[in-house]
2 protein chains.
Amino acid sequence: MTDGRQSPERRRRKGSDSPTLSDVAREAEVSSITVSRVLNSPDSVRESTRRRVEAAIDKVGYVRNMVAGSLASANSRFIAVIVPSLSNVVFIEVIQGLQRTFEAHGYQILLGNTDYNMERERELVKTFFGWSSSALVTTGLRHEPGCADLLRQWPKPIVEIMELGDAIDLNVGLSHYQAGRCMTRHLLDTGYRHLVYAGTHMGGNYRARLRYEGHRDLLAEHGQDAPLLEWDDPSDFAVGGDALERVLDSYPTTDAIHFADDILATGAVLHAVRHGIRVPEDIAVCGFTGLPIGQAVTPRLTTIASPREAIGRIAAEQLIARIEGRPVEQDRVDVGFELLVGDST
Amino acid sequence: MTDGRQSPERRRRKGSDSPTLSDVAREAEVSSITVSRVLNSPDSVRESTRRRVEAAIDKVGYVRNMVAGSLASANSRFIAVIVPSLSNVVFIEVIQGLQRTFEAHGYQILLGNTDYNMERERELVKTFFGWSSSALVTTGLRHEPGCADLLRQWPKPIVEIMELGDAIDLNVGLSHYQAGRCMTRHLLDTGYRHLVYAGTHMGGNYRARLRYEGHRDLLAEHGQDAPLLEWDDPSDFAVGGDALERVLDSYPTTDAIHFADDILATGAVLHAVRHGIRVPEDIAVCGFTGLPIGQAVTPRLTTIASPREAIGRIAAEQLIARIEGRPVEQDRVDVGFELLVGDST
DNA sequence: AAATATGATGTTAGCGCTAACATGAATAGC
DNA sequence: GCTATTCATGTTAGCGCTAACATCATATTT
């Protein structure tokens, strides 16, 4: 009692009472840094020690506290992923590609959804920075100015996916402009002459607009103009059917509709079947994405397939390489696209 | 040099060099706990002080470090969410319901995917505990024994979704057994007498099996047996078409197929259209889920719709109430289901 | 006016882990 | 045999924040 250090009942923090590293260390008769090493770089610990520590971990039922580890190392194993929508299967498949790859390497995805709202993107970016994310995946190359500044100043790897161009850091995607051109070239080559482009929500979803621009430019080179039908609602089958009706009404000479996505195009096909409109004889339709449903309907849809899961996988592989300090061969990866010619054109 | 305390150049940690709470505190001339309060319970700070702190936050460009906060408070704002699959739209919609609700309250979802593998569930649970999650959402009531023990001992709120029954903590879902019975009653009432049930992956996806059991028991009450066709692959349109063929081959007297989900049933409808098989005259089909595609095909699918987004929303609301210490009216919420009678039966 | 309550802010001590450096033993080099 | 090198493990000091308690000023009560 000479120095009062014992402090009989000083303030107590709750402390989750579950076992910590030092409990394991005590049990294994090593220091806690050794336990930490067993967890993080097992090769740097002698095998006999490692086994003793692993036994102690099991015995005390230790569950690693990732939060403390992240704080101490200023690096979480979080990967921030920002997509514009979860209603669109495309992004789900990209997320699956990301998740499979990241999970295999011990990273956890933090998922953010902007609903095609650029301000939401900035908020999400700030939130994810606060979580000390190790890397960030975001959709598209266009960002609100404040958001772009934040991203540029962030010292960790970033990959912008889906589209190709002038990226902040890494870039994995495809040229939507070329995809639009490619499909329209197919339509012209097949003999269609009166084309209408139909899409939804083309303000927010500007990649659909890029495809339209490819379509429009190619038509311009052939001296044709490129009528465009737009809807504000998200794509669904009913909108596709509605589009077919509107085109037949408003542009009766049309012989092919270039849809912005397969949901719309499939909706048009199903509507045509229901109303005795022959596809492609009365009117041809084509889509974009390569969804299974488009390949299951009769007539089978002509579309452009993009390797969605591969985009996720490649993006994840690039980021893991960067995080682990390995070199990345190419900053920009063009995953390409494939024209699937079905029976609808 | 009497006590060596000065240590001219002691070890330095990297320290992310971005501004911290104390930078803000210095700028605003308050203590850091006051800044913390502005962030966490603004009402407990006088307005003039709060405004000064907020200005300082903007001035120094402070981004909150959630990791440090989580460690200090032993409570992250993470919600662990475990689903068996991301390929199935059902879970995507549930996740959307969860995410919308949680994001509005400042929680971040940690997403885990078991791929219908129960051991993966246990691993995910451990990982998520390590992230100090504030609550956990998991799919179904069946867990590997070790996982169930972990869950039971965990001191934070848990909700088991999709199915209804004997839950660990909270429970939001519907009775798949009753849904199966309901559909089969509809088939019998409509006059069908020779039924086959067809589903995929019914080991892992045992909720499809529960629906089959409802179907089987009702038929047993009518003195009929209940043939079952199973596939190991996940559901897709092709498997649905294949099922239709197999039933026509192996059970030629069959007048209705009860499919485990709408993907299969839609695949069967599309296959029938393609091959001139009349639905429901030659054979009736029905599904489960209420997917948009089932309502867009001709004939429109008879199915059972479940309120998937509502499951997510309600689960999230319950958890938020629990986390914030508010009472939860009922531990078990039956969201019910709705029979949608289409033209396929 | 003293006693008490209320409100706003501050002080202190960690949360559980890991970076950086330190130490000591075993091995290699000449 | 003595120093240099490698390997395995330990010591120390935080990472940036918040819980718990402490303090002080002001308002309210009696």
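Strand S8 (residues 256–259) of chain B runs parallel to S9(B), and three bridges join the two. Strands and helices here are DSSP runs numbered from the N terminus, with at least two residues (E) for a strand and at least four (H or I) for a helix; two strands pair if DSSP finds at least two bridges between them. Opposite B:Ile257 stands B:Val285 in S9(B). This is a predicted model, in which local features need pLDDT of at least 70 and side-chain atom pairs count only at pLDDT 80 or more, while totals for chains, interfaces and linings use all residues. Residues are numbered from 1 along each chain as its sequence is written, and chains are lettered from A and ligands numbered from 1 in the order in which they are written.

The pair belongs to an open sheet of four strands in chain B, ordered S7-S6-S8-S9 with parallel pairing. Strand S7 (228–231) and strand S9 (284–286) of chain B sit at the edges with a single partner strand each, so one side of each has no neighbour in the sheet. On average, neighbouring strands of this sheet are turned by 20° against each other, direction ignored; the axes behind such angles are lines fitted to C-alpha atoms, for helices over the stretch in contact, and angles run from 0 to 180 degrees between N-to-C directions.

Just before S7 comes B:Pro227, placed in the loop between H9 and S7 of chain B. B:Pro227 has 16 C-beta neighbours inside 10 Å and therefore counts as partly exposed. On this scale a residue is buried with 20 or more other C-beta atoms within 10 Å of its own, exposed with 12 or fewer, and partly exposed in between, with C-beta atoms placed from the backbone. Leaving aside residues up to four places away in sequence, B:Pro227 touches B:Val196 and B:Tyr251; contact calls for C-beta atoms, placed from the backbone, within 7 Å. The C-alpha atoms of B:Pro227 and B:Arg216 are separated by 8.5 Å, with the two residues 11 apart along the chain.

Now for the helices of chain B. Helix H8 (residues 176–190) and helix H9 (residues 206–221) of chain B have axes that come within 7 Å and cross at roughly 45°. That makes H8(B) oblique to H9(B), given that angles under 35 degrees count as roughly parallel, over 145 as roughly antiparallel, 65 to 115 as roughly perpendicular and the rest as oblique. The H8(B)–H9(B) crossing is right-handed, i.e. the near helix is turned clockwise from the far one by less than a right angle (anticlockwise would be left-handed). Residues making the contact include B:Tyr177, B:Arg181 and B:Arg185 of H8(B), along with B:Leu210, B:Tyr212 and B:Leu218 of H9(B).

Chain A also has an open sheet of four strands, in the order S7-S6-S8-S9 with parallel pairing. Its edges are strand S7 (228–231) and strand S9 (284–286) of chain A; each has a single partner strand, so one side of each is left without a neighbour in the sheet. Inside this sheet, strand S6 (residues 195–200) and strand S8 (residues 256–259) of chain A run parallel, joined by four bridges, with A:Leu195 opposite A:Ala256 in S8(A). Helix H8 (residues 176–190) of chain A lies across S6, S8 and S9 of chain A and runs at about 170° to S8(A).

Elsewhere in chain A, strand S1 (residues 78–83) is mostly covered, with six of its six residues buried. In a regular strand the side chains alternate between the two faces of the sheet. Both faces of S1(A) are covered, one by A:Phe78, A:Ala80 and A:Ile82 and the other by A:Ile79, A:Val81 and A:Val83, all buried. S1(A) runs parallel to strand S2 (residues 108–113) of chain A over six bridges, and the partner of A:Ala80 in S2(A) is A:Leu110. From S1(A) the chain crosses through helix H5 (residues 89–104) of chain A to S2(A) in a right-handed β-α-β crossover; with the strands pointing away from the viewer, the path from the first strand over the helix to the second runs clockwise.

S1(A) is also joined to S3(A) by four bridges, again in parallel, and A:Ile79 has A:Ala135 as its bridge partner there. Strand S3 (residues 135–139) of chain A pairs in turn with S4(A), parallel over four bridges. The route from S3(A) to S4(A) goes through helix H7 (residues 145–153) of chain A, and this β-α-β crossover is right-handed. Six of the six residues of strand S4 (residues 158–163) of chain A are buried, so the strand is largely enclosed by the rest of the structure. S4(A) also pairs with strand S5 (residues 170–174) of chain A, parallel over five bridges, and A:Glu163 stands opposite A:Leu174 in S5(A).

Methods. Contact = placed C-beta atoms within 7 Å.
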